[in-house]
Amino acid sequence: MPVTLRSLQVAVPDTVLIQGEVRDVFAAQPGLSALAIRLIGAAFNSSGIERRFSAVREMSFTAAVEDPDFFDPDSRRILNPTTGTRNDVYVSEAPKLFVEAAAAAIKECEGIDRSDVTHVITVSCTGFCAPGPDYRVVRDVGLNPSVQRYHLGFMGCYAAFPAMRQAKAICDAEPDSVVLIVSGELCSIHVRVADNPDSILGASLFADGAAAAIITGRDLGPGRGLQLDHFETVLTPVGEEAMAWTVGDHGFDMILGSYVPRIVDQHIAGALAPLFAKDRSLEDRQFRDIDHWAIHPGGRSILDKVERRLDLDAEQLEPSRGVLRDYGNMSSATVLFVLKEIFDRPESEAGERVCGMAFGPGLTVESALFTTVGSHQ
């Protein structure tokens, strides 16, 4: 039996960040240079984002907090807590999103219940704790305590693809396996105020969320699914210093060079070549002939470069642009949000092809090919 993704659900925290409001608060912070204030306006206004979600309740800018760590409502100042304080939020809030998304994915998967799950793969790069989110999913969702658990940590925005690839390998070896993947990120806990463009760009893009998927080789009947066909990993010949994620004293330090979209533009077609070579049915087809594209929306400029370089039409990038607009960049969870947009489309028919792609530190390009199966009940 082919390995298929049979359920895909998402979860976000309660605090909503309206992009224009966040921009104005950041631009009003004391000590910023005139150049930084202009960069804040340009980054936020051109982001393609209207709203995002944060697990940091203080970032609502209206929450009543007795001893604030992230935002002081009286002075309207964004604070700069230590990495330990930031990670404390991850420890308390991230597991809730992991569990919510995981429980929803199991509930919505016809023919599967909690006792059927054999493996759990969790993905995250925005915090650390042990026992980790894999443990919390097993305990709080009520899975069998003998479930095999794996955690992919600190890989960045592309990590959902290695998780799906691992799930496929498990199911290829043991077709009766049921693998639960959960990706959860609290990017907003690392946001800070600074003059440097990397910090400004991160503040304009990053958000929090989680997504969970059920992947199995079992025959679960005619329900909707995505067949996992092929995966590929490519390291671009340049760009190692353009995208990085390191641990600092006041949060995780992000490097996201302004020339990342240019690197993507130059190397995306070559990065897709080995993936498409694995499928002879695509040998003579153009990129635009693929029905659906699930591109990780690392930023609007990246999506613009992908659309032009691959000669895609606007509709093919709408799932990615829609997720960017409504949720922002949630690192590894984001591309699963995009896949869900495609997965849930009622007009999609069985046999349509889907190409997914995400970019991360390295510069690493992860990609995958899927085929829609079944139909919506």
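# Exercises on a predicted model

Arg76 sits in the loop between strand S4 (71-72) and strand S5 (77-78). Helices (H or I, at least four residues) and strands (E, at least two) are DSSP runs, numbered from the N terminus. The model is predicted, so local features need pLDDT of at least 70 and side-chain atom pairs count only at pLDDT 80 or more, while totals for chains, interfaces and linings use all residues. Residues are numbered from 1 along each chain as its sequence is written, and side-chain values use heavy atoms, with hydrogens and water left out.

**Exercise 1.** Describe the backbone and the exposure of Arg76, then do the same for Asp311.

Solution.
- Step 1: Arg76 is not a glycine, yet its phi is positive, about 65°.
- Step 2: Its relative accessibility is 39%, so Arg76 counts as partly exposed. Buried means under 20% relative accessible area, exposed over 50%, and partly exposed in between (1.4 Å probe, protein chains only).
- Step 3: Asp311, in the loop between H8 and H9, has a positive phi near 60° and is likewise a residue other than glycine.
- Step 4: With a relative accessible area of 44%, Asp311 is partly exposed.

**Exercise 2.** Check the span of helix H9 (residues 314-327) against its number of residues, and describe its start, bend and surroundings.

Solution.
- Step 1: The expected span of a helix is 1.5 Å times one less than its number of residues. For the 14 residues of H9 this gives 20 Å, and the end C-alpha atoms are 19 Å apart, which agrees.
- Step 2: H9 has a kink of about 35° centred on Ser320. The bend at a residue is the angle between axes fitted to the seven residues ending there and the seven starting there.
- Step 3: At the start of H9, a side-chain oxygen of Asp313 comes to within 3.1 Å of the backbone nitrogen of Glu315.
- Step 4: The buried residues of H9 include Leu317, Pro319, Ser320 and Val323. Among the elements covering the buried residues of H9 are strand S13 (292-295) and helix H10 (334-343).
- Step 5: Gly328 follows H9 and has a positive phi, near 75°.

**Exercise 3.** Classify the packing of helix H5 (residues 160-173) with H10, and of H1 with H2.

Solution.
- Step 1: The axes of H5 and H10 come within 9 Å and cross at roughly 70°. Axes are lines fitted to C-alpha atoms, for helices over the stretch in contact, and angles run from 0 to 180 degrees between N-to-C directions.
- Step 2: Angles under 35 degrees count as roughly parallel, over 145 as roughly antiparallel, 65 to 115 as roughly perpendicular and the rest as oblique. H5 and H10 are therefore roughly perpendicular to each other.
- Step 3: Ala160, Phe161 and Met164 of H5 meet Val335, Leu336 and Leu339 of H10. Contact means heavy atoms within 4.5 Å.
- Step 4: H1 and H2 pack at about 170°, with axes 9 Å apart, and are therefore roughly antiparallel.

**Exercise 4.** Is Asp229 buried or exposed, and which side chain does it join in a polar contact?

Solution.
- Step 1: Asp229 belongs to strand S10 (residues 225-235).
- Step 2: Its relative accessible area is 13%, so Asp229 is buried.
- Step 3: The side chains of Asp229 and Arg353 make a polar contact of 3.1 Å. Such a contact is a pair of N or O atoms within 3.5 Å; within protein, one must be able to donate a hydrogen and the other to accept it, and residues adjacent in sequence count only if both atoms are side-chain atoms.
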